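Please open the model in a viewer and keep the selection tool at hand. The stops below say what to select next and what is to be found there.

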Amino acid sequence: MLGFMDYVQNAFYEASHWDRDNSYGTLNATSRNVLDFSTPEGLRFHVSSLSSPNFATSYTLGSIGLVDGSLSYLYSSLPLLGLAAKSSAIDLHHVVPGYRQLQDLRQPDEPWWWEIWHQGKRIDRRETLLYGRLFLPRSTLEALYLRRLSPKTQLKVSCVSDSRLPNGGTILAHLQHDAAKHSTEYIYSTDSALLGVRGLYNFGPDPPPTHPLFEASPDSTISTANEAAALATAQTHSQPHGRFSAGGEIYYGLLNKSGGISTGLRFATLPSHTGFPYTMTLTLNPLMGNLSSTYSVLASPLLTLSSRFDFNVYSYESELQVGTELWRRKEKPLTDDLNWARLKMGQKILDARSHDQNDMAGCLKARLDQRGSLGLLWEGRVKELLYSCGAMIDLRGGENMFRGFGVEIQYSS
């Protein structure tokens, strides 16, 4: 389950119109969410608060052999209005990563749309997010600086300060450029003076141009509505049902004189697809000889199935993993017994099968590999609390089958 700060950071991406899925780094996001989930260790509590639309705090207390914890603070220059902060109101789909449904590409805003003028002077500013986290008693400090430089460009700088690390810490910088049709990312890390570049290209038609929302005059209301309806009808017939993407990355460490390269393909269905949504990926690391293929399908609104097959062309070693994600809805009383009375009174008939986005009781995740390692994770909500409990089980371990068990509880206001 995502932490509260990660949840707020994702809300910042959405509010600033940044597409997280249009990046080579998220090529295998769906399979990672289903197959690579982490189970809690020991007992851990999280207490968080969104005290204002711009400021959030979080405190963590855990017990894994010894008591530890952390303090976190986050500031966003972009007010996150309307963000559900109470743990009783948060949509579980926003904190439980699962199947990532790709959306239609959106053309970035024009730079002049962001301009704000007052008395002949520009007063607009670039949206920024600041985040810091202090781990106790280790005194490890993490920091994040995120800034939207332009509608197509974003700068992300992550820092870690720890006396146990070489040189006392490390800095990782990402300069991301998203042009909808293609995206690039430049990476620099002080660890080994690593330099890297990533790229992703989306095949198919160009995304439709976006237009700023201006207030229309009463005389142009009818013509504007007719033009909008005609445009929507034309776009509906020309919408693609899937997207094919190809990308790669290359990096090189200046200090250790070593590098790496990888390339990948992805095909994913879009919301206009009438069948089951699915995602297929194929990635290759030619230097190491690793070949990985994944297939994920949203079999129903409550069920996701995923598989991954890894193969090394040099050693001929292979690995197979399968996983599933199963959601459970809350039990609601049936309303069919009173539908006849509502019908007599001319009221709308209530359908017991209708549901909103916040009627999920929890989600069960499970994965199994060819070595007999089984991972189980249950994430849900009870009253005002969000909780996660999971276990790692070795089916071939005999009497020592249980490799780990933990519970994590979150509360936010």
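A residue is called buried when its relative accessible area is under 20%, exposed when it is over 50%, and partly exposed in between. Asp162, at 9% relative accessibility, therefore counts as buried. Select Arg164 next: its 57% relative accessibility makes this residue exposed. The side chains of Asp162 and Arg164 meet in a salt bridge, with N and O 3.0 Å apart.

**Overview and confidence**

Now display the whole chain and colour it by pLDDT, since the model is predicted. The average pLDDT is 85, and 85% of the residues score at least 70. Strand 14 (residues 278-285) has the highest confidence, at a mean of 96, whereas helix 3 (residues 221-238) has the lowest, at 47. Select residues 213-237, where pLDDT stays under 50 and the model has 2 contacts beyond four places in sequence. Residues 348-355 also stay under 50, with 11 such contacts.

A secondary-structure view shows 4 helices and 21 strands. Of the 413 residues, 36% count as buried. Among contacts with a separation of 6 or more, 53% are between residues 24 or more positions apart.

**Strands 1 to 3**

Select strand 1 (residues 42-52) and strand 2 (residues 55-64), which run antiparallel and are joined by 8 bridges. Within this pair, Val47 stands opposite Tyr59 of strand 2. The hairpin between strand 1 and strand 2 passes through 2 residues.

Extend the selection to strand 3 (residues 66-76), which pairs with strand 2 in the antiparallel sense over 10 bridges. Here Phe55 has Tyr75 of strand 3 as its bridge partner. This second hairpin has 1 residue between its strands, and Gly65 in the turn has a positive phi of about 85°.

**Asp21, Arg100 and Arg266**

The structure holds 10 salt bridges. For one of them, select Arg100 and Asp21, whose closest N and O atoms are 2.4 Å apart. This pair links distant parts of the chain: Arg100 lies in the loop between strand 3 and strand 4 (117-118), and Asp21, 79 residues apart from it, in the loop between helix 1 (4-15) and helix 2 (29-35). Asp21 is buried, at 15% relative accessibility.

Keep Asp21 displayed and add Arg266 in strand 13 (residues 258-269). Which side chain of opposite charge is nearest to Arg266? That side chain is Asp21, 5.9 Å away, and the buried Arg266 has no salt bridge. A salt bridge requires the nitrogen and oxygen to be within 4 Å, so the distance of 5.9 Å does not qualify. Beyond four places in sequence, the contacts of Arg266 include Asp21, Leu102, Arg243 and Thr281.

**A salt-bridge network**

Select Glu185, Arg198 and Glu249, which are linked in a network of salt bridges. The side chains of Arg198 and Glu185 meet at 3.6 Å, N to O. Arg198 belongs to strand 11 (residues 194-202) and Glu185 to strand 10 (residues 182-189), 13 residues apart. Glu185 is buried, with a relative accessible area of 5%, while Arg198 is partly exposed at 23%.

**Final selections**

Move to Thr283 in strand 14, a residue that counts as buried at 16% relative accessibility. Leaving aside residues up to four places away in sequence, Thr283 touches Leu27, Asn28 and Asn290, among others.

Finally, select Cys363, which is buried at 0% relative accessible area, and Cys389, which is partly exposed at 25%. The count of disulfides in the model is 0.

Terms used: Residues numbered from 1 in each chain as written. Predicted model: local features only at pLDDT ≥ 70, side-chain atom pairs only at ≥ 80, totals over all residues. Heavy atoms only, no water. pLDDT = per-residue confidence, 0-100. Contact = heavy atoms within 4.5 Å. Disulfide = S-S within 2.5 Å. Buried < 20%, exposed > 50% of the residue type's maximum accessible area, 1.4 Å probe, protein only. Lys, Arg positive; Asp, Glu negative; His and termini not counted. Pairing = 2+ DSSP bridges.
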